[in-house]
Amino acid sequence: MKKYTIDDFKFFIDEKIFIYVGEDKKGRPIILNTAANVKIQSYDPELYSDFYIYWLEIFLPTKMRGHVDQLVILADVSNLSMESFKLQVTRRNISDNLKYGPERQVKLYAMNAGNTAYFCWKLIKPLLPHKTHDKVMITSTNIQERIKEMSVDIDVEVIPSHLGGENVLKELQ
């Protein structure tokens, strides 16, 4: 990856694709991925993929105290469309994740996925290694159930308000 600065990614920062939310109960950073804001069809695939790695490896640590070696992802997948997907980028992101981060992601909470995704997850979850499926949580669309599930790892004050918590994120206003 070439040497970038945050200015090289201003467009993506303005799109609010990733938002630093706070820390979980163990002090790990929590990142909100606003997946519906990703309009991958209109992006340069290599630049977007480099932004993804830059944000996690270089930008995020500037927001934290000390070394960041693990994180929690909150993926709000509401309003996803085909405009949010591109095979070339998906392949690169999977490849980069396998190279740089299989142990870095402590937990992934996918929210607002809809009943079909929730049902599919329930079917494939038993087929995955425990180490993998224990990291992924397709949360209920019921806000009280979602908060109960998430509050095991995250204080309600840190969970974004649009997901049922108390954290009003200025980036989403």
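This report walks through the fold of a predicted model, from its strands to a helix and its aromatic rings.

## The overall layout

Let's start with the broad view of this predicted model. The protein has 173 residues, and 42% of them count as buried. Its secondary structure comes to 6 helices and 5 strands. Read from the N terminus, these elements follow the order α-β-β-α-β-α-β-α-α-β-α.

How much of the contact network links residues 24 or more positions apart? Among contacts in the protein with a separation of 6 or more, such pairs account for 72%.

## How the strands line up

A good place to begin is the hairpin of β1 and β2. Strand β1 covers residues 18-23, and strand β2 covers residues 29-34. The two run antiparallel, joined by 5 bridges. Within this pairing, Phe18 has Asn33 of β2 as its bridge partner, while Ile19 stands opposite Leu32 in β2. The hairpin has 5 residues between its strands, and Gly27 takes a positive phi there, near 85 degrees.

From β2 the pairing carries on to β3, now in the parallel sense, over 5 bridges. Asn33 turns up again here, with Ala75 as its bridge partner in β3. Strand β3 (residues 71-76) in turn pairs with strand β4 (residues 105-111), also in the parallel sense, over 6 bridges. Val72 stands opposite Lys107 of β4. Then comes β5 (residues 136-138), which runs parallel to β4 and is joined to it by 3 bridges; there, Tyr109 stands opposite Met137 in β5.

## Strand β2, buried on both sides

Is β2 buried or exposed? All of its residues are buried, 6 of the 6, so the strand is largely enclosed by the rest of the structure. Its side chains can be sorted by direction: Pro29, Ile31 and Asn33 point one way, Ile30, Leu32 and Thr34 point the other way, and all are buried.

Further along, in the loop between β2 and α2, sits Tyr43. This tyrosine is buried too, with a relative accessible area of 5%. The C-alpha atoms of Tyr43 and Phe11 are separated by 9.8 Å, although the two residues are 32 residues apart along the chain.

## Helix α2 and its kink

Helix α2 takes in residues 45-62, 18 residues in total. From its first C-alpha to its last it reaches 25 Å, close to the 26 Å expected at 1.5 Å a residue. Where is the kink in α2 centred? The centre is Trp55, and the kink is about 45 degrees.

The N-terminal end of α2 is capped by Asp44, with a side-chain oxygen 2.9 Å from the backbone nitrogen of Glu46. Many residues of the helix are buried, including Pro45, Tyr48, Ser49, Asp50, Phe51, Tyr52 and Ile53. Tyr54, Trp55, Leu56, Phe59 and Leu60 are buried as well.

## Aromatic rings

How many aromatic pairs does a search of the whole structure find? The search finds 12. One of the pairs is Phe18 with Tyr52, a tilted arrangement at 5.7 Å centre to centre and 50 degrees between the planes. Because Phe18 lies in strand β1 and Tyr52 in helix α2, this pair ties together parts that are 34 residues apart in sequence. Phe18 is buried, with a relative accessible area of 9%, and Tyr52 is buried at 14%.

Trp55 and Phe59 form another tilted pair, with 5.6 Å centre to centre and 45 degrees between the planes. What separates Trp55 and Phe59 along helix α2? They are 4 residues apart in the helix, so the separation is about one helical turn. An α-helix has 3.6 residues a turn, so residues three or four places apart point the same way. Both Trp55 and Phe59 are buried.

These pairs belong to a wider picture. Ring pairs link Tyr4, Phe9, Phe11, Phe12, Phe18, Tyr48, Phe51, Tyr52, Tyr54, Trp55 and Phe59 into a cluster. Several names will be familiar by now: Phe18 is the bridge partner of Asn33, and Trp55 marks the centre of the kink in α2.

Terms used:
Residues numbered from 1 in each chain as written. Predicted model: local features only at pLDDT ≥ 70, side-chain atom pairs only at ≥ 80, totals over all residues. Heavy atoms only, no water. Pairing = 2+ DSSP bridges. Expected span 1.5 Å × (residues − 1). Bend = angle between axes of the 7 residues up to and from the residue. Buried < 20%, exposed > 50% of the residue type's maximum accessible area, 1.4 Å probe, protein only. Polar contact = N/O pair within 3.5 Å; in protein donor to acceptor, adjacent residues only side chain to side chain. Phe/Tyr/Trp six-rings, centres within 6.5 Å; stacked < 30°, edge-to-face > 60°. Contact = heavy atoms within 4.5 Å.
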